[in-house]
Amino acid sequence: MENKKVIQVKDLTKMYKLYDKPSDRLKEALGLTRKKLYKEHYALHDVNFDIYEGECVGIIGTNGSGKSTILKIITGVLTPTAGEVKVDGRISALLELGAGFNMEYSGLENVYLNGTMIGFSKEEIDARLNDILEFADIGDFIHQPVKTYSSGMFVRLAFAVAINIDPEILVVDEALSVGDVFFQAKCYHKFEEFKKQGKTILFVSHDLGSVSKYCDRVILLNKGVKMDEGSPKQMVDLYKQLLVGQNPVKQNESDSTEQIVAEDSEGLGDFQVNPNMLEYGSRIAEITDFRVIDDKGRCSNTVEKGSCFKIRMKVRFNEEIQEPIMAYTFKNIQGTEITGTNTMYENAKIEHSGKGDICTVTFTQNMNLQGGEYLLSFGCTGYKNGDFTVFHRLYDACNITVISSKNTVGFYDMDSKVEVRCEEQV
Ligand SMILES: Nc1ncnc2c1ncn2[C@@H]1O[C@H](COP(=O)(O)OP(=O)(O)OP(=O)(O)O)[C@@H](O)[C@H]1O
């Protein structure tokens, strides 16, 4: 038997009128003109989909593709221009966290205020209070007015209330990216609990790793239109193609006319570098370019677990250097170095390191890290006048998202092949 539909989105359209000047809006409101003084901007155009009970569905798409608009219409924060949404079940939305909070009230008073607004009795809130306080973990601050909270504390409390009110349908918009990593881990844990209880989850995220891990089905939006829906793997792949297509550049990784990151980022497709990376070193050798290339030959910040990928860096020698060493390391978001290697460990000799020479090193390997977010750093070191010297280091130069539909224990996957043989007792 097919599960029941808990959310039905039919021919949904949201159009905004964009006026050149505020006075044009006024003229039109007062009926002073018959001319159309606005441009139509479609945040959503004829979008259709259904969500079934117990499913975890992700919505992905580039910035401005209409993801938040859909969630806001589903939760009743926005009204559509055309089309309709039917919801069957109690929704808890982790969209605008704390929107219903009164800043003058204490945290505790706000818990009761919010609970009552959602339709719970005092006794029902009493029964959930411990879970809420434990989840928020803000100690005695719960008795202080919310206006004295740090933004982190505020979000923790709002999240704790929203997630502990026993929703049937949970709608989440990037809210899991708030707070510190430990709080995030707790949120994901709760999220998994929800999934196990068979609750319906609708989830918007830019974090393709989480989308792949948690979602049963993914809807891909592009410029307000539903491009496709399907398995996380198919949709993430399509999304990556879409990103590349939106900056149409040749992604041929054997292209010899590579450009320098600092001077020109064309040719890198959707590859993002960290604008705040930390750099240091004497710069007698300089890292002028780096990139990560996925198994389809595209520069990308996303790598699928188990796939073969390349890390490439280019160094210019500003002086003659003996035996330079080029290296990369992966850190997790908590800052622990997880793995890394360099040309010395790998016995890869760099032949030409005279003044003005340019050297490109490509490391090719399988991605065995667990799904999640990582930071990649680069380095070029070596000996100058007999002393070990750092020529150039780029810390946290870019992030890498490892997409995985199967995570094992710990930092990396042993890539075990398992054979099971059972014999029945007679
Ligand atoms: N109040 C508004 N007036 C005019 N245009 C708006 C308004 N709100 C949203 N838009 C436009 O609607 C489109 C969809 O916005 P929306 O916030 O839903 O996108 P999104 O996919 O959630 O983006 P992001 O990934 O950046 O959060 C965008 O082009 C945005 O500029």
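**Close-up 1. The end of helix α1 in this predicted model.** Gly-31 follows α1 and has a positive phi, near 70°. The helix itself spans residues 22–29. How many of its eight residues are buried? The count is zero, and α1 is hardly covered.

**Close-up 2. The shell around the ligand.** Tyr-16, His-41 and Ala-43 are among the residues around the ligand. So are Gly-61, Asn-63, Gly-64, Ser-65 and Gly-66. Lys-67, Ser-68 and Thr-69 complete the list. Two elements, β2 (38–52) and α2 (67–74), each give two or more residues to this shell. The largest share comes from α2, with three residues. By class, eight residues of the shell are polar, two are nonpolar and one is charged.

**Close-up 3. The largest nonpolar core.** This core holds 94 residues. Which members touch the most others? They are Val-171 and Phe-203. Helix α5 (residues 151–163) gives the most to the core, contributing nine residues. Domain 1 (5–241) and domain 2 (256–403) both supply residues, so the core lies between them.

**Close-up 4. The contacts of Phe-203.** Neighbours within four places in sequence are left aside here. Phe-203 is then in contact with Cys-56, Val-57 and Gly-58. Its other partners are Val-172, Tyr-214 and Cys-215. Phe-203 is also one of the two residues, with Val-171, that touch the most other members of the largest nonpolar core.

Conventions:
Residues numbered from 1 in each chain as written. Predicted model: local features only at pLDDT ≥ 70, side-chain atom pairs only at ≥ 80, totals over all residues. Near = placed C-beta within 6 Å. Helix = DSSP H or I, 4+ residues; strand = E, 2+ residues; numbered from the N terminus. Nonpolar A, V, L, I, M, F, W, Y, C, P; charged D, E, K, R; others polar. Buried ≥ 20, exposed ≤ 12 C-beta atoms within 10 Å, placed from the backbone. Core = buried A, V, L, I, M, F, W, Y, C linked by C-beta atoms within 7 Å. Domains from an automatic or database assignment. Contact = placed C-beta atoms within 7 Å.
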